[in-house]
Amino acid sequence: MKSKHHLRLLAYAAGFCLSLSTAIGAYIHSSFIAQFVGEQKVGLVYSVAAACSLIASWQGLRLLRRYGNVRSLIILGCGNFLALAGAVIFNQSVTGVGFIATHMVLSFLVAINLDVYLEELSDDRTTGRIRGLFLTANNLAWLCSPLLASQLTAKLGFQAVFLMAALALVPFLYIASRHLRDVVQRETEHLSLINGLKRVFDASNRDLRLILVIDFLLNFFYAVMIIYMPIYLHEHIGLAWTQIGLIFTIMLIPFVALDFLLGRLADLWLGEKELLTAGLIIASIASLFIPLFGATSLIPWALILLLSRIGAATIEAMKETYLFKHIDGRDANIVFISRNMYPAAYVLAPVIASSFLLFFDLRYIWFALGLVMLLGLPASLKLKDTK
């Protein structure tokens with residue numbers, strides 16, 4: 001029987017493959033979708049996909065209860081592979097947009113199932129290091145993806161990117177089907193949206209509510225950046241896809257370089273509160289400076305976006321560590337609520353951004369994003385530190 005340590009290593013490898021499949025197309029999906037629906041409406045496709053993810057994630061609890069965690073991973077992973085195969089076949093028509101939206105939903109569902117799996121293998125003493133390593137494995141995939149995706153898009157088109165995303169799921173499915181074993185209990189009738197919300201809004205769980213607010217703001221930041229930054233750089237600034245790919249690769253370095261280090265720092269010396277606050281301030285300042293850049297040179301854009309992700313990586317590592325120190329393997333419903341901050345942000349951010357763009361140029365959306373990130377400061381400062 002495999003030890004928990006061995007199973008964690010396998011979960012890290014599975015997470016890398018899943019993240020590679022998700023990340024390789026993440027920064028080109030909006031440009032692909034815009035071909036068929038236009039720049040103004042591209043956000044609405046993300047909102048619809050995110051709303052479907054919200055609904056499907058809680059319906060997915062039935063899958064977890066009936067089949068267990070590993071079989072659920074396999075079923076959802078196979079569905080994700082088929083969605084990407086459909087996008088490859090129908091990449092020249094609006095049908096391909098539907099398949100990409102389905103891929104977004106299923107990628108999200110697989111990711112939260114993998115989160116539940118890893119949480120059962122964790123304990124509070126090493127949560128920061130475990131989540132840090134998991135994030136590092138996932139973020140290595142994100143680091144590899146933009147440059148690869150931009151080269152494929154420039155030379156072979158969107159179809160090649162979708163094919164590569166599908167192929168990345170093959171080792172994920174192999175690991176899940178051959179090497180993982182269930183550690184999450186099948187008796188999960190307590191898992192429900194109502195039970196999760198009761199736990200969150202219990203008077204004694206103020207810190208849990210505060211960290212979920214920060215979780216939502218971080219995902220709001222990601223949603224605006226992922227949907228609108230590629231369009232902004234390509235269509236408004238005039239950068240080539242190969243330049244954008246290199247910029248995004250540099251931009252994502254902090255997620256690989258900092259996550260494990262910050263998780264260990266939070267475990268051994270500092271609490272999460274101070275680092276969360278610093279991350280929010282850095283992400284806000286970087287966003288506020290983006291509209292001031294108009295040059296088509298690579299270095300200034302790489303530096304300002306690198307700074308934004310230093311802030312985001314710090315927030316991500318600390319909110320993950322803080323959250324998972326306050327829950328255990330019986331709290332899969334809290335994991336589901338946390339992961340639903342992602343689709344909730346993707347429902348609201350495009351709607352708010354689309355409304356904003358009716359009155360303002362796209363460049364000013366970064367000013368607004370910087371101000372939004374400052375809204376997280378009261379929540380971070382009220383947290384009870386773990387140190």
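So, cavities: this predicted model has three of them, counting those of 30 Å³ or more. Let's step into the largest one, which holds about 910 Å³ of space. Its lining is made of 37 residues, and the closest to the cavity's centre are Ala 111, Trp 142, Asn 219, Glu 316 and Tyr 342.

What kinds of residues make up that lining, nonpolar, polar or charged? There are 19 nonpolar residues, 10 polar ones and eight charged ones.

Now, which elements supply them? Those giving two or more residues to the lining are helix 1 (4-26), helix 4 (95-120), helix 5 (127-156), helix 8 (206-237), helix 12 (298-325), helix 13 (332-339) and helix 14 (341-357). Helix 4 contributes the most, with eight residues.

Let's pause on helix 14, because you can check its length yourself: 17 residues at 1.5 Å a residue should span 24 Å, and the C-alpha atoms at its ends are 23 Å apart, so the two agree. Many of you will want to find its buried residues on the screen; among them are Met 341, Pro 343, Tyr 346, Phe 356 and Leu 357.

Finally, the largest nonpolar core. It has 128 residues, and Leu 233 and Trp 366 are the ones that touch the most other members. Helix 8, which we met at the cavity lining, gives the most to this core, with 21 residues.

And what does Leu 233 contact, once we leave aside neighbours within four places in sequence? Its partners are Gly 238, Leu 239, Ile 244, Phe 248, Trp 301 and Leu 305. Do click on Leu 233 and look for them. Thanks, everyone!

Conventions
Residues are numbered from 1 along each chain as its sequence is written. This is a predicted model: local features need pLDDT of at least 70, side-chain atom pairs count only at pLDDT 80 or more; totals for chains, interfaces and linings use all residues. Side-chain values use heavy atoms; hydrogens and water are left out. On a 1 Å grid over the protein atoms alone, a cavity is a set of points where a 1.4 Å probe fits but cannot get out, and a pocket is an open set with protein on both sides within 12 Å along at least five of seven lines; lining residues have an atom within 4 Å of a point. Grid points are joined across faces, edges and corners, and a volume is the space filled by probe spheres set on the points. Helices (H or I, at least four residues) and strands (E, at least two) are DSSP runs, numbered from the N terminus. Ala, Val, Leu, Ile, Met, Phe, Trp, Tyr, Cys and Pro count as nonpolar, Asp, Glu, Lys and Arg as charged, and the others, Gly among them, as polar. The expected span of a helix is 1.5 Å times one less than its number of residues. Buried means under 20% relative accessible area, exposed over 50%, partly exposed in between (1.4 Å probe, protein chains only). A nonpolar core is a set of buried Ala, Val, Leu, Ile, Met, Phe, Trp, Tyr and Cys residues joined through side-chain atoms within 4.5 Å. Contact means heavy atoms within 4.5 Å.
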